[in-house]
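Here is a short tour of one protein model, written for someone who likes to see the cut-offs beside the numbers. Have the viewer open and follow along.

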Amino acid sequence: MQGVFLLVFSKFCHLPFLRGVQTQSTCTGLGGYWGNKGGVSARMMVFGHPVCFLNCHLPAHMRNLEQRMEDFESILQQQQFEGGTAVGVLDHDVVFWFGDLNFRIEGYDIHVVKSAIENDKLPLLWEKDQLNMAKKSESVLEGFIEGPLNFPPTYKFDVGTHTYDTSAKKRKPAWTDRILWRLRRTGSPVPSHNSALQRGLTSWLGGATRVSQHYYRSHMGFTISDHKPVSALFSLHVSLKMVNLPLVTLEVEKEWTKFSDATVKLSMAHALSFIFCFIHDLQVTFSEEDLPRDPGEYILGYYSNNTNSIVGVTEPFQVHAALTQPEEEICLSLD
């Protein structure tokens with residue numbers, strides 16, 4: 001465990017509308033010199049709305065609740081982005097915060113915790129979950145929402161099994177791996193975590209932006225770690241009035257069977273206030289050396305150095321073998 005890793009994937013059709021992509025990282029391990037603990041983030045404008053993904057690995061052990069909160073605040077303070085109004089993580093319209101946050105279950109001993117799990121009395125444990133309790137008192141956690149924890153604690157298991165820790169340390173089960181989200185305050189009150197759990201709330205309207213959680217679950221079948229991974233599926237609803245046209249429109253033939261097909265037509269948009277005008281007379285023809293070496297389905301993207309993002313993509317098109325196979329000399333041997 002020497003680092004924290006974050007990957008963001010997108011459907012190709014959304015790429016022209018993901019702009020201003022920036023990343024930040026903060027080490028908090030060994031006094032800020034080691035990346036085994038800390039946070040990494042990726043932020044971008046999604047159809048004109050600032051969205052940030054923050055993955056954290058916070059300090060372990062029951063006694064380190066205060067250190068977890070200090071590290072989280074340090075990560076938020078240090079991660080600053082350039083340009084626009086969303087300079088800090090919490091300035092974004094939507095923040096997804098997740099990772100091995102390492103919060104534990106206080107108060108109950110290990111036998112009570114295991115009994116609650118075995119008898120499906122998980123709400124009893126929610127009340128003593130450190131993260132849930134901290135959200136009532138820590139201002140930095142205000143506005144963060146989490147779906148109901150309707151799955152057993154995901155830590156700590158004997159590796160290779162589905163059995164909670166049987167080592168000499170006998171660590172109590174806990175929900176250490178979490179996924180939360182936060183909508184930037186728009187004047188209306190944010191629902192409390194307890195009321196959200198009681199009502200099964202998984203979405204909250206925040207201005208023009210809305211987040212809906214479709215599921216939040218653990219994957220108990222994995223046994224390669226002492227953690228069970230968790231996942232969540234969200235829908236992000238945003239207004240498309242801000243950005244609904246790509247800056248560059250690319251047109252290509254759906255099938256490239258001859259070299260003359262390897263041509264792309266570009267229409268570039270120039271913004272005049274909120275009005276876009278287009279130039280339609282740009283065309284690029286690819287040389288034989290620039291063509292793919294393998295037949296198959298491809299897309300083309302237009303990358304802008306000014307915005308540091310892809311601002312136009314084509315629909316998928318097919319490149320046939322006739323364009324990818326180099327001409328070879330044919331030798332005949334006659335006996």
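Buried residues, meaning those under 20% relative accessible area (exposed is over 50%, partly exposed in between; 1.4 Å probe, protein chains only), make up 43% of the 335 residues in the protein. This is a predicted model, in which local features need pLDDT of at least 70 and side-chain atom pairs count only at pLDDT 80 or more, while totals for chains, interfaces and linings use all residues. Residues are numbered from 1 along each chain as its sequence is written, and side-chain values use heavy atoms, with hydrogens and water left out.

The secondary structure comes to 6 helices and 17 strands, taken from DSSP runs (helices H or I, at least four residues; strands E, at least two) numbered from the N terminus. Among contacts, defined as heavy atoms within 4.5 Å, with a separation of 6 or more, 60% are between residues 24 or more positions apart. The protein exposes about 18,800 Å², and carbon and sulfur atoms supply 54% of that area, by the Shrake-Rupley method with a 1.4 Å probe, where for residues only the protein chains shown count as cover.

**Helix α2**

Which residues of helix α2 are buried? In this helix, residues 110–118, they are Ile110, Val113, Ala116 and Ile117. They cover an arc of only 130° around the axis, which puts them on the same side of α2; the arc is that of the directions from the helix axis to the C-beta atoms. An α-helix has 3.6 residues a turn, so residues three or four places apart point the same way. His111 and Glu118 are exposed on the other side of α2. The cover over the buried residues of α2 includes α3 (122–126).

The start of α2 has a polar contact (N or O atoms within 3.5 Å, one able to donate a hydrogen and the other to accept it; residues adjacent in sequence count only if both atoms are side-chain atoms). There, a side-chain oxygen of aspartate 109 reaches to within 3.0 Å of the backbone nitrogen of histidine 111. After α2 comes aspartate 120, with a positive phi near 55°.

**Backbone geometry**

Most residues other than glycine have a negative phi, and most peptide bonds are trans. Asparagine 102, in the loop between β4 (94–100) and α2, has a positive phi near 65°. Asparagine 102 is also buried, with a relative accessible area of 2%. Lysine 170 has a positive phi of about 45° and sits in the loop between β5 and β6; its relative accessible area of 48% makes lysine 170 partly exposed. The peptide bond from tyrosine 155 to lysine 156 is cis, with omega near 5°.

**Salt bridges**

The structure holds 5 salt bridges, each a side-chain nitrogen of Lys or Arg within 4 Å of a carboxyl oxygen of Asp or Glu. Among them are these:

| Pair | Closest N and O atoms |
|---|---|
| Aspartate 129 and arginine 178 | 2.9 Å |
| Aspartate 226 and lysine 156 | 3.2 Å |
| Lysine 258 and aspartate 261 | 3.3 Å |

Aspartate 129 forms a salt bridge with arginine 178. This pair links distant parts of the chain, 49 residues apart: aspartate 129 is in the loop between α3 and α4 (130–134), and arginine 178 is in strand β6. Both aspartate 129 and arginine 178 are buried. Asp129 and Arg178 are also linked with Glu146 in a network of salt bridges.

Aspartate 226 forms a salt bridge with lysine 156. Aspartate 226 lies in the loop between β8 (209–218) and β9 and lysine 156 in the loop between β5 and β6, so the pair ties together parts that are 70 residues apart in sequence. Lysine 156 counts as buried at 14% relative accessibility. In the third tabulated pair, lysine 258 is partly exposed at 47%, whereas aspartate 261 is buried, with a relative accessible area of 9%.

**Other places to look**

Where is serine 309 found? Serine 309 is in strand β16 (residues 309–313) and is buried at 4% relative accessibility. Leaving aside residues up to four places away in sequence, serine 309 touches Leu18, Arg19, Gly20, Tyr302, Tyr303 and Ser304.

Serine 239 is in the loop between β9 (230–237) and β10 (248–252). The C-alpha atoms of serine 239 and glycine 48 are separated by 8.5 Å, with these positions 191 residues apart along the chain.
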